[in-house]
Amino acid sequence: MSTIMIPLIGTFFILLLNRFSNFRETVTLITSILLFAAVYKIFICVMDGDRSELLIFSITTGLKFSFHVEPLGALFALVASFLWIVNSIYSIGYMRGNNEPRQTQFYAAFAIALSATMGIAFSANLFTLFVFYEVLTLSTYPLVAHRADPNARIGGRIYLIYLIGASIVFFIPALLWTLILAGNLDFKMGGIISDVASPGTTGILLALFVFGIGKAALMPLHRWLPSAMVAPTPVSALLHAVAVVKAGVFTILKVVIYVIGSDHLLKTGASEWLIYLASFSLIAASVIALTKDNIKARLAYSTVSQLSYIILAAAIATPLALMGAAMHIVTHAFGKITLFFVAGAIHTSAHKTRVSELNGIGLSMPFTMLAFFIGALSIIGLPPLVGVWSKLYIALGSMEGDNSWVIAVLIISSLLNVAYLMPIVIKAFFASAPKTETTNPISEAPWLCVVPLSLTALICLILFFLPGYFESYLTDFLGPK
Amino acid sequence: MSLILASINYWVTIILMIGGLYIVVAHGNMVKKLVGLSIFQTSVYLLFLSPGKILGGTAPIISEKFEVYSNPLPHVLILTAIVVGVATIALGMALVVRINEAYGTIEDDEVHEMEQD
Amino acid sequence: MEFLQEQLPALQVVLPLVAASLCALFRFGYLSWLITLSSSILSFLVAVFLLLRVLEQGIISYEIGGWSPPFGIEYRVDLINAFVLLIVSGVSAVIVPYTQKSISARFDSTEQSWFYCMYLLVLTGLLGVTITGDAFNIFVFLEISSLASYAMIAMGRDRRGLTAAYQYLIMGTIGATFIVIGIGLLWAMTGTLNLYDLAGRLPEIKNTRPVLAALAFLTVGVSLKLALFPLHLWLPNAYAYGPSVASAFLAGTATKVAIYLLLRFFFTIFGGATFFTETPLPEILKILALLAMFAASIVAIFQSNIKRMLAYSSVAQIGFIVLGISYATETSLTGAMTHMFNHAIMKAGLFLLLGAIMFRLGSVKIEALSGIGRKMPLTMAGFVILGLSLIGAPGTAGFISKWYLGLGALEQGEWWILVLIVSASLLTMIYIGRVVEVAYFREPTDEVVQLKEAPSEMLWPAYLLIAAAIYFGFDTSFSADLARQAAVLLVNAVY
Amino acid sequence: MIRDTIILRVVIKLLLPAILLFALYVQFHGDYGPGGGFQAGVAAAAAIILYGLVFGVSAARKIVPQKFLFSLIPIGVLVFSGTGIVSWFFGANYLDYSPFGSDSKSGQHLGILIVELGVFITVFSTMLAIFYSFAGRSEILSLDGDTDK
Amino acid sequence: MFSVGLIAVLVSLVLAMVRAIMGPSMFDRVLAANSTATLAVLSLSLLGFVTGRPDFLDIAILYTLLNLVGTIAVLKYFHPGES
Amino acid sequence: MVAAVIGVIRSRNLFVVVMLGGIYSFLMATVMVALDAVDVAMTEAAVGAGMSTVLLLAVLGLVKTREAPLRHSPFIPLLVCFLTGAALIYGTLSLPPFGRQDTPTNQHVAPYYIKNSVKETGSPNIVTAVLASYRGYDTLGETTVIFTGGIGVLILLSTSRRRRLKQSSDEDSST
Amino acid sequence: MLYFISSVVVFFMFWLVLSGHYTLMLLAIGAVASILVVGLATRMAVIDREGHPIYLLYRAVWYWPWLFWEIVKSGISVSKIILSPTLPISPTLINLKATQKSVVGVVVYANSITLTPGTVSVEVEDNEITVHAITTLGAMDLEEGKMDRMVTKFEGGIGT
Amino acid sequence: MAIFIDILSWASIIIGGVFCIIGMIGLMRLPDLFTRLHGSSVTDTLGAGFLIFGMALQSGLSLTTAKLIIIFGLILLTSPVATHALAQAALHAGIKPKLTVDKTGGHIAGED
Ligand code: NA
Ligand code: NA
């Protein structure tokens with residue numbers, strides 16, 4: 001199980017190197033590749049049933065600092081590490097393009113964030129997860145406030161207060177309560193409080209967890225995500241589309257499966273209220289996204305709504321729904337990162353940030369906009385793209401749990417997705433470019449940006465054809481009970 | 001005579017304490033506060049000494065002429081308390097002198113105002 | 001060697017006392033520093049050996065002057081005061097190497113030796129109060145440490161240090177006199193001054209009026225020394241305008257000994273569960289603690305002088321500890337004592353770092369610090385880590401103690417207290433955040449631009465504390481577990 | 001305020017040695033009557049202070065120089081704590097005077113005497129040092145001429 | 001027998017105290033303080049005789065000396081301006 | 001004695017306060033003799049009347065001797081005093097009766113001292129015996145207190161004048 | 001040197017009178033103390049002809065009783081004045097010539113004046129003393145110089 | 001013989017007490033500072049004298065008597081000095097005594 005340690009050590013190694021060398025980009029790349037390889041090895045072991053655990057040390061009876069490997073964690077780590085490679089390439093291009101200040105601090109924080117993500121993926125109990133969860137928040141804070149101008153500071157401040165605040169005010173009490181109820185905080189299939197907690201307590205506990213994990217950006221607590229858009233695009237891309245928010249929903253999934261136990265939820269129906277809230281958050285976020293003219297803001301709200309899909313599936317808690325949720329983590333990751341890369345590319349080459357300015361940009365930036373089109377389709381969930389499967393499974397899952405009205409919600413939201421994504425595509429390709437642009441034509445983004453976004457778009461396409469592969473991987477551990 | 005002495009003692013202790021404390025809390029002059037502080041401390045001495053006194057007993061110095069002696073323990077404690085009190089007051093006085101040189105006044109309120117700017 | 005083992009309790013206090021006298025005798029700056037350094041380290045070692053002996057043999061009783069208690073004065077060391085001795089002497093041993101640089105820069109040779117003399121006398125006083133088993137002896141040694149700290153604060157660079165010292169003297173003396181009144185009433189009712197002889201005699205006269213009044217006077221007196229919320233007015237100025245070394249040392253030790261006194265009186269002498277919990281005192285303390293946690297934190301947020309901010313933060317953290325005491329259960333007491341331990345480390349470290357900034361920049365106003373994150377990276381990095389520990393972020397010592405305090409509250413089913421604890425930590429995050437934001441996310445002013453990093457001899461002691469703050473976040477065998485054993489002793493009023 | 005009248009000078013010269021002797025009497029008769037280190041220390045200091053008041057602080061400083069006085073303050077405490085350390089050498093607990101003499105009673109008696117001497121030294125030197133600081137300061141200020149006297 | 005003398009002295013003490021508190025000028029108070037001191041010494045001695053421990057005269061001696069020190073200190077440091 | 005305290009409260013001329021302080025501490029010494037506390041009386045007379053009067057006067061030589069009139073309302077101080085006083089009255093009311101030998105105060109530790117002090121320490125004055133030997137450590141602490149106070153005063157007052165002048169310029173102005 | 005020895009003797013006597021217990025150790029301490037004190041006093045230039053007027057002692061035997069008698073007489077007269085309802089006082093200020101040769105003599109004279117109730121020596125300069133008397137009559141008596149002669153005689157004329 | 005001494009000491013103590021009170025009454029009744037000086041000297045000399053004499057009689061030829069004599073000697077030495085210093089200080093502070101007759105013609109010793 002030393003493989004678990006490699007990524008963490010690797011990350012810290014980057015931290016040191018970054019400080020001194022000026023070829024830090026290449027170092028970041030090498031480390032990300034190394035990390036991906038290590039995680040891939042774990043992924044393979046997990047495939048053939050390896051569930052070993054590694055205890056670092058225990059503070060007192062209830063608190064242990066330990067890791068273990070399970071399919072969901074491995075999957076999440078795999079996606080995160082893969083996208084880190086892609087993002088590293090992209091950020092080299094972006095950073096060079098916009099000559100952002102203090103890049104060493106940027107990459108160092110990035111590396112720590114990734115090691116924290118690994119920590120979250122592989123933590124064996126709520127306490128270890130909580131530690132890395134906090135480290136992730138703290139390491140991403142300098143990234144958000146990277147530009148050090150006033151609104152970057154305000155954005156950073158809101159980011160910190162929401163996340164740390166939510167985790168302190170709700171997460172810690174939830175931890176404490178669980179510890180008292182269950183005597184320990186370890187993840188165990190089928191939950192550790194299933195026999196101890198009454199429906200009422202389970203409901204409140206779930207609420208504490210859901211609101212405690214600010215990173216899942218559930219509706220009332222979502223404000224930090226759009227305001228964090230002040231950060232440079234590679235930051236918003238990787239962290240907000242992949243690592244940070246995914247860590248949030250990943251944690252919720254872990255809590256639902258390993259702490260409270262999906263069967264227990266079904267039996268007690270304690271997550272009924274969450275279904276309604278998630279659905280509302282789903283639709284409301286999409287509507288707001290519609291109104292947003294700034295590309296990154298629109299994508300941000302789109303993320304909020306997509307995350308609610310996963311929370312919704314978790315709330316439904318039927319095996320199929322949970323499988324859908326896990327799959328949606330992957331599909332949304334690839335889809336949304338492509339869109340963010342495109343937004344970044346547009347910003348680098350065309351210095352445009354608003355949707356209304358995008359008329360005819362497709363002509364001058366064909367590849368970028370094509371990738372945008374593919375990504376958008378995957379988010380919406382149309383057939384040739386992988387997004388469709390995850391939404392399908394969530395729909396099947398909802399039927400399984402006899403709240404089939406959820407399907408209607410899914411359809412409405414998909415329509416809304418179309419409403420706020422497709423106009424951009426149409427405007428880019430079919431509207432004529434405004435006069436001023438003919439004088440200084442917009443060139444395509446640097447290849448360093450275009451290649452990664454095309455790659456991620458391509459993956460959305462490829463994964464579409466491997467649903468069976470997904471299914472077999474997840475079923476053996478989720479498996480219909 | 002003894003009964004009066006008994007109640008007087010405790011009442012005097014209480015009056016002295018309230019008087020001393022009042023001076024410290026109410027008055028602004030730093031020197032006055034220190035004097036009040038020493039009076040407040042003196043009230044404690046009576047609190048310790050009165051229970052120690054035995055009517056008909058004499059001072060705790062052994063001599064053939066007497067057998068009944070008052071309790072020597074409070075005397076030891078109060079001797080220490082007096083000395084500690086003076087050390088504190090002396091230090092307080094030194095502080096007052098330095099404050100007077102630094103601020104030109106030893107009135108609480110005036111010093112407070114000067115500290116605001 | 002065996003003889004020396006027996007004499008450890010006396011050695012603990014005599015060592016710094018003799019050292020202080022030598023400093024005042026020779027009045028040569030560097031020599032005094034050497035004397036202070038060696039005696040601090042030695043007294044720390046003595047504390048360690050004492051702790052080991054207590055763990056081995058249980059409670060040690062030492063008769064001073066060879067007279068058996070209650071006729072002579074007795075030193076009695078059990079797990080509780082061994083633990084506090086460790087904190088006090090540990091923090092002092094760490095701070096001494098730090099002092100050389102800043103003190104020699106400001107004072108001439110005689111004044112330096114007098115400063116070290118005062119430093120050692122505060123140490124002597126605090127150790128004396130912690131280790132003694134005699135009520136009046138507590139008062140005497142409390143006055144030694146108080147007088148020495150008044151003098152030390154008055155040596156601050158800023159003239160406001162004088163008024164701060166004066167206010168501290170007035171309130172401190174009133175506090176001490178209240179304590180004496182308390183002791184007097186107890187003596188008048190029992191005739192003895194030995195704490196444990198007293199504890200044996202109290203149950204029969206438990207709810208007579210003088211005993212209750214004594215409890216009240218003692219509590220108010222110690223709260224004054226402790227700067228518990230309504231009686232904390234002297235602390236902010238004292239820590240802000242005194243020399244940074246003094247603030248670091250006092251913040252790390254003085255309030256802790258006052259807390260020890262509360263614990264000792266409430267649990268060991270007044271019988272904890274049998275008496276203390278029956279009086280309305282726990283409720284009052286809980287309210288005061290919560291007030292302290294919130295009011296002080298809020299005020300801290302609006303401070304422009306960071307040292308004052310940390311001073312208010314101390315008042316708030318003391319609120320946390322007293323909250324733990326007010327529950328009087330094993331877990332909450334463990335939380336209180338662990339927080340005492342952790343807070344000593346954190347706050348001493350923070351003040352040392354501020355001292356380094358003061359040494360370089362000459363000011364600790366929050367605006368003056370903009371952009372300092374890059375110019376003094378190690379100092380500010382240390383500040384962030386300790387700030388996190390103060391908030392109670394996981395992976396630091398602060399988390400452990402807040403965890404136990406929270407657990408303690410929850411065990412009593414008072415989950416709303418948990419929410420208060422948690423939101424108070426949130427307030428802590430805000431004022432720490434303010435500093436971090438100014439330090440890292442603002443353009444450096446021209447003074448800050450040509451700043452150099454703090455000198456190494458000021459940094460490594462601070463980093464020793466920072467390492468401790470992190471280490472005790474993970475391995476709590478010395479902090480929380482010891483505290484737990486001590487808490488067991490307290491709850492069952494074992495002596 | 002007082003002009004240096006001859007009456008004061010003559011009488012003080014007469015009284016000073018008497019006060020000092022009385023102070024020493026009080027010091028060594030602590031065992032048999034009221035008195036001891038503290039009272040004697042204050043009395044002796046009062047004598048020198050009287051001399052200082054009448055003949056001026058600088059004159060008093062010639063009698064008991066400031067530097068010497070500052071060293072005296074810790075010496076008293078060292079005498080006292082030293083006695084305790086001596087008990088260690090005799091293998092007894094701290095401040096146990098019993099082994100000092102042939103039998104424990106004479107040992108205690110001697111111990112008490114030495115300890116009281118330590119107290120006398122510190123009390124005397126501290127009280128005098130405090131007087132020097134306060135009185136000395138008013139003279140420095142008056143030399144500066146910035147006080148209204 | 002001595003108690004009679006003691007009472008007489010105490011009466012005079014009270015009278016002296018009145019002057020001490022009322023005394024218009026500063027000097028009246030110093031005078032009253034001096035008289036109080038002498039009377040005090042006498043009362044101490046008488047008290048010693050009343051309680052049968054006449055060997056406590058040391059306190060009286062000490063007090064006489066200190067009173068002189070005090071009086072001279074007052075006169076030395078007194079600012080005429082603000083009497 | 002109570003009259004003296006009231007005089008101190010009322011009068012604004014600090015000299016008067018000092019004079020009354022002297023008389024007050026002497027009367028306290030007399031009361032102490034009445035309570036058989038002979039050593040204490042001597043100390044109070046020596047320290048209270050002698051030293052603090054001289055020190056106070058030395059200070060008045062340096063400081064303005066008029067007290068400024070009272071500014072803020074005396075309500076809070078009265079409240080504080082009232083509460084403390086009430087607590088003290090509550091506490092002292094049922095203390096053991098005055099002057100009786102059979103109270104625990106005088107039965108528990110004191111008899112041992114009275115019986116054995118001459119035998120064990122050879123000093124007829126029990127107070128000196130207890131002070132120097134039985135509770136010798138308290139006296140060591142007390143001597144250390146004087147030592148601390150003394151050095152504290154020296155730190156403040158006898159430091160070189162350079163420091164004194166620098167002290168007056170406010171820290172913030174000299175960044 | 002003579003003064004040194006005589007003072008030591010006088011102070012040792014003083015010690016004996018004070019100390020009630022004559023054990024060997026205390027006597028030894030007494031002797032040491034006296035020498036110490038006198039040593040310090042000489043350092044203070046206090047022990048000299050003026051500071052230690054031992055030579056006056058044998059003449060004091062007859063001067064002091066006379067002075068007591070004077071004090072009693074004038075004390076009674078002042079008491080009468082104080083007790084009488086009309087308070088017959090006639091405060092007078094006069095200057096007197098002091099015929100004493102040595103400073104100690106003048107001091108004895110001034111003190112004797114102050115000691116006797118009814119008259120107070122208010123100011124002393126070399127040989128001139130300003131006296132405040134409660135009654136003009138008292139001032140007149142003083143002016144006769146009876147006391148001045150007595151003191152000069154007491155002084156024994158060997159003054160330096 | 002013993003009775004005679006008792007009566008004598010009784011008498012002198014009473015006389016002493018009376019003189020003390022007279023002195024203090026003087027302190028109260030006399031109009032200005034300088035006249036009050038005389039009142040206080042009555043107490044200091046006669047009052048103290050007789051009281052101490054009475055006490056000395058009671059303790060006979062013993063150490064206590066010696067101490068009593070020392071105390072009386074001290075009083076006789078310190079009281080006039082203090083009174084004189086006080087009078088002189090008052091004079092210099094500008095407090096004019098109320099005089100019916102002033103033979104000094106405004107010239108105080110030492111001022112030319
Ligand atoms: Na006359
Ligand atoms: Na006269």
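A salt bridge here is a side-chain nitrogen of Lys or Arg within 4 Å of a carboxyl oxygen of Asp or Glu. The side chains of A:Arg157 and C:Glu437 satisfy this, with N to O at 2.7 Å. The model is predicted.

## Chains in contact

There are 15 pairs of chains in contact, and chains B and F share the most contacts among them. Other pairs stay apart. Chain B and chain G do not touch, and 13 Å separates their nearest C-alpha atoms. Chain A and chain H have no contact either; their closest C-alpha atoms are 71 Å apart.

Two interfaces are described here, C with A and B with F.

| Item | Chains C and A | Chains B and F |
|---|---|---|
| Residues in contact | 23 residues of chain C, 29 residues of chain A | 74 residues of chain B, 78 residues of chain F |
| Buried area | about 2500 Å², 80% on carbon and sulfur atoms | about 7300 Å², 77% from carbon and sulfur atoms |
| Salt bridges | 1 salt bridge | 1 salt bridge |
| Polar contacts | 1 residue pair | 9 residue pairs |

## Chain C against chain A

Chains C and A bury about 2500 Å² between them. On the chain C side, C:Trp403, C:Glu437 and C:Phe441 lose the most area to chain A, and together they make up 29% of what that side buries. C:Glu437 is also the partner of A:Arg157 in the salt bridge. The count for this interface is 1 salt bridge.

Which helices of chain C supply at least two residues each to the side that touches chain A? They are helix 16 (377-391), helix 17 (397-411), helix 18 (415-440) and helix 20 (456-474). Helix 17 gives the most, with 8 residues. By class, this side of chain C has 15 nonpolar, 3 polar and 5 charged residues.

## Chain B against chain F

Here 74 residues of chain B meet 78 residues of chain F. The buried area is about 7300 Å², and carbon and sulfur atoms give 77% of it. The interface has 1 salt bridge. B:Lys53 and F:Asp36 form a salt bridge, with their closest N and O atoms 2.9 Å apart. Polar contacts link 9 residue pairs across the interface, both residues at pLDDT 80 or more.

Four helices of chain B each supply at least two residues of the side that touches chain F: helix 1 (2-26), helix 2 (30-52), helix 3 (73-103) and helix 4 (108-116). Helix 3 gives the most, with 22 residues. The class count on this side of chain B is 50 nonpolar, 16 polar and 8 charged residues.

## Sodium in chain G

Which protein atoms are donors of the sodium ion (ligand 2)? The donors are G:Thr114 (O), G:Thr116 (O) and G:Thr119 (O), at 2.1 to 2.7 Å from the ion. Along the chain they follow the spacing T-x1-T-x2-T. G:Thr114 and G:Thr119 are both buried. G:Thr116 has a second role: this residue bridges the sodium ion (ligand 2) and the sodium ion (ligand 1). The two ions lie 4.7 Å apart.

Conventions. Residues numbered from 1 in each chain as written. Chains lettered and ligands numbered in written order. Predicted model: local features only at pLDDT ≥ 70, side-chain atom pairs only at ≥ 80, totals over all residues. Heavy atoms only, no water. Contact = heavy atoms within 4.5 Å. Buried area = accessible area lost by both parts, 1.4 Å probe. Polar contact = N/O pair within 3.5 Å; in protein donor to acceptor, adjacent residues only side chain to side chain. Nonpolar A, V, L, I, M, F, W, Y, C, P; charged D, E, K, R; others polar. Donors = N, O, S within 2.8 Å, 3.2 Å for Na, K, Ca; no water. Buried < 20%, exposed > 50% of the residue type's maximum accessible area, 1.4 Å probe, protein only.
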